[in-house]
Amino acid sequence: MRRQGKYEDALSVIDDMKSIYNPHLHSRVLMKEYVTDHCVEIIAASTFWLHHYGRNDEALQLCDQVVDTMLPEIEAIDLVTKSTILTPICRTLAKQRQSGAAKKALELYRTHVSDPVALAGGKVHPSSSMSMCVSIMIILKCCSSGGEVYDDLSTDIAHMLNRKDPVFFETTCLAYFDAAWSTMCAEACLCLAKITGCNSQDESSALIKEGLKCLEASAKTLKMKKEDGTIVNSIAHSYYSQILSELENLSAPV
C-alpha cells in the first residue's frame with residue numbers, strides 16, 4: 001500500500017498490526033530471521049504519515065511509544081535498523097513548533113545513530129553512512145537552535161556545499177522515509193541559509209542555489225504518476241513543494 005501511495009489504507013492495517021505486535025516477544029526473533037524488524041520500521045514510518053494527515057497528537061504519542069517500548073529491543077550494533085526507525089520519528093518531532101521536541105529529536109538521533117556511525121567508521125552499511133547522518137543532523141541542529149548560530153555551523157555549510165552523495169541515496173530515502181534524498185538536502189540548505197542570511201549574504205545565496213539545484217533532482221525523482229494521473233508518493237511531493245516554496249521565497253529580492 002505504501003508503494004502505491006495508499007497511506008491512509010496503510011495506517012488502518014498498521015493499527016491492526018500494532019494490536020498483535022509485541023516488541024519484547026517479536027522484535028529480536030524478527031531481527032534474527034530477517035536481519036531487521038520490519039514491524040517497528042513501518043510503525044515508525046507511520047508517525048510521519050500521521051503528522052502529514054493532520055493527526056499530530058497521534059503521531060507524537062506513537063513517537064513516544066516507539067522510542068520507549070520498541071527502540072530498546074534493537075541492539076546497539078544494528079545501526080541500519082535504528083536509522084530507519086529514528087529518521088521518520090525525528091523528522092516528525094522536528095516539525096513541531098516547540099523547540100523542546102526538536103531538541104529531543106537531535107539528542108535521539110545523535111545518541112542512537114550519528115555518534116555510533118561515526119565511531120563505526122567504514123564498518124557501517126552505506127545506507128547509514130556518515131554523509132547521510134551529517135545532512136539529517138544539520139536539519140535537526142537548525143530546528144533545535146531556534147534559528148540561531150550554533151558551534152559547528154561553518155563546518156555544516158561546507159559539507160552541504162561540497163558533499164558528493166552516492167546516487168542510491170535518492171531512491172533509498174524515498175522508499176524508507178517518503179522523501180527524495182535531494183529534497184532532504186535542499187531542506188538542510190534552506191535551514192542553513194535562514195541562519196546565515198543575516199551574517200553572510202554570499203553563503204546564504206550559495207546555499208539557496210545549492211538547495212534549488214537539489215530540488216531539480218527531486219523533480220525528476222518524483223515525476224512518476226499512477227495510471228489515473230495522480231502522484232504516486234504524495235507525501236514526498238508535498239514535502240518537495242513546501243521546500244521549493246520556502247527556497248523561492250528566500251531567494252526573492254526584498
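Which residues does Arg 163 touch, not counting those up to four places away in sequence? In this predicted model, they are Ser 135, Cys 185, Glu 210 and Cys 214. I will start from that arginine, go on to the salt bridges, and finish at a pocket.

A word on confidence before that. The protein chain has an average pLDDT of 90, and 91% of the residues score at least 70. If you rank the elements by mean pLDDT, helix α4, residues 56-70, comes out highest at 97. Helix α7, residues 130-145, comes out lowest, at 91. As a general caution, where pLDDT is low, the predicted coordinates should not be read in detail.

Back to Arg 163. The residue sits in the loop between α8, residues 153-162, and α9, residues 169-177. Buried or exposed? Its relative accessibility is 19%, and the cut-off for buried is under 20%, so Arg 163 counts as buried.

What does the side chain of Arg 163 reach at 2.9 Å? That is the backbone oxygen of Met 160. The side chain also takes part in a salt bridge: Arg 163 pairs with Glu 210, and the closest N and O atoms are 3.1 Å apart. This pair links distant parts of the chain, with Arg 163 in the loop between α8 and α9 and Glu 210 in helix α11, residues 201-221, 47 residues away. Both partners are buried. For a sense of distance in another direction, take Ala 252, which is 89 residues from Arg 163 along the chain. The C-alpha atoms of those two are separated by 26 Å.

Now Ser 135, one of the residues that Arg 163 touches. Ser 135 belongs to helix α7. Its relative accessible area is 1%, which means that Ser 135 is buried. Leaving aside neighbours within four places in sequence, the contacts of Ser 135 are His 159, Met 160, Arg 163, Trp 181, Cys 185 and Ala 188. Met 160 is on that list, and its backbone oxygen is the one that the Arg 163 side chain reaches. Cys 185 is in contact with Ser 135 and is touched by Arg 163 too.

Next, the other salt bridges. How many does the structure hold? There are twelve, and I will pick out two besides the Arg 163 pair.

One of them joins Glu 73 to Arg 28, with 3.6 Å between the closest N and O atoms. Glu 73 is in the loop between α4 and α5, residues 79-94, while Arg 28 is in helix α2, residues 23-34, so the bridge ties together parts that are 45 residues apart in sequence. The two ends are placed differently with respect to the surface: Glu 73 is buried at 14% relative accessible area, whereas Arg 28, at 43%, is partly exposed. There is also a network of salt bridges here, linking Arg 28, Glu 73 and Glu 75.

The other joins Asp 64 to Lys 104, and its closest N and O atoms are 2.8 Å apart. Asp 64 comes from helix α4 and Lys 104 from helix α6, residues 99-120, so this pair ties together parts that are 40 residues apart in sequence. Asp 64 is partly exposed, at 33% relative accessible area, and Lys 104 is partly exposed as well, at 35%.

Last, the second largest pocket. How much space lies in it? The figure is about 460 Å³. The lining has 25 residues, and the closest to the centre are Ala 94, Cys 143, Glu 187, Cys 191 and Lys 194. Elements giving two or more residues to this lining are α5, α6, α7, α10, residues 181-196, and α12, residues 234-251. The most comes from α10, which gives six residues.

Lys 194 is part of α10. At 46% relative accessibility, Lys 194 counts as partly exposed. Beyond its neighbours within four places in sequence, Lys 194 is in contact with Glu 246 and Leu 250. With Glu 246 there is a side-chain to side-chain polar contact, at 2.8 Å. Leu 207 is 13 residues from Lys 194 along the chain, and their C-alpha atoms are separated by 9.4 Å.

That is what I have; I can go back to any of these residues on the screen.

How values were computed. Residues are numbered from 1 along each chain as its sequence is written. This is a predicted model: local features need pLDDT of at least 70, side-chain atom pairs count only at pLDDT 80 or more; totals for chains, interfaces and linings use all residues. Side-chain values use heavy atoms; hydrogens and water are left out. pLDDT is the predictor's confidence in each residue, from 0 to 100. Helices (H or I, at least four residues) and strands (E, at least two) are DSSP runs, numbered from the N terminus. Buried means under 20% relative accessible area, exposed over 50%, partly exposed in between (1.4 Å probe, protein chains only). Contact means heavy atoms within 4.5 Å. A polar contact is a pair of N or O atoms within 3.5 Å; within protein, one must be able to donate a hydrogen and the other to accept it, and residues adjacent in sequence count only if both atoms are side-chain atoms. A salt bridge is a side-chain nitrogen of Lys or Arg within 4 Å of a carboxyl oxygen of Asp or Glu. On a 1 Å grid over the protein atoms alone, a cavity is a set of points where a 1.4 Å probe fits but cannot get out, and a pocket is an open set with protein on both sides within 12 Å along at least five of seven lines; lining residues have an atom within 4 Å of a point. Grid points are joined across faces, edges and corners, and a volume is the space filled by probe spheres set on the points.
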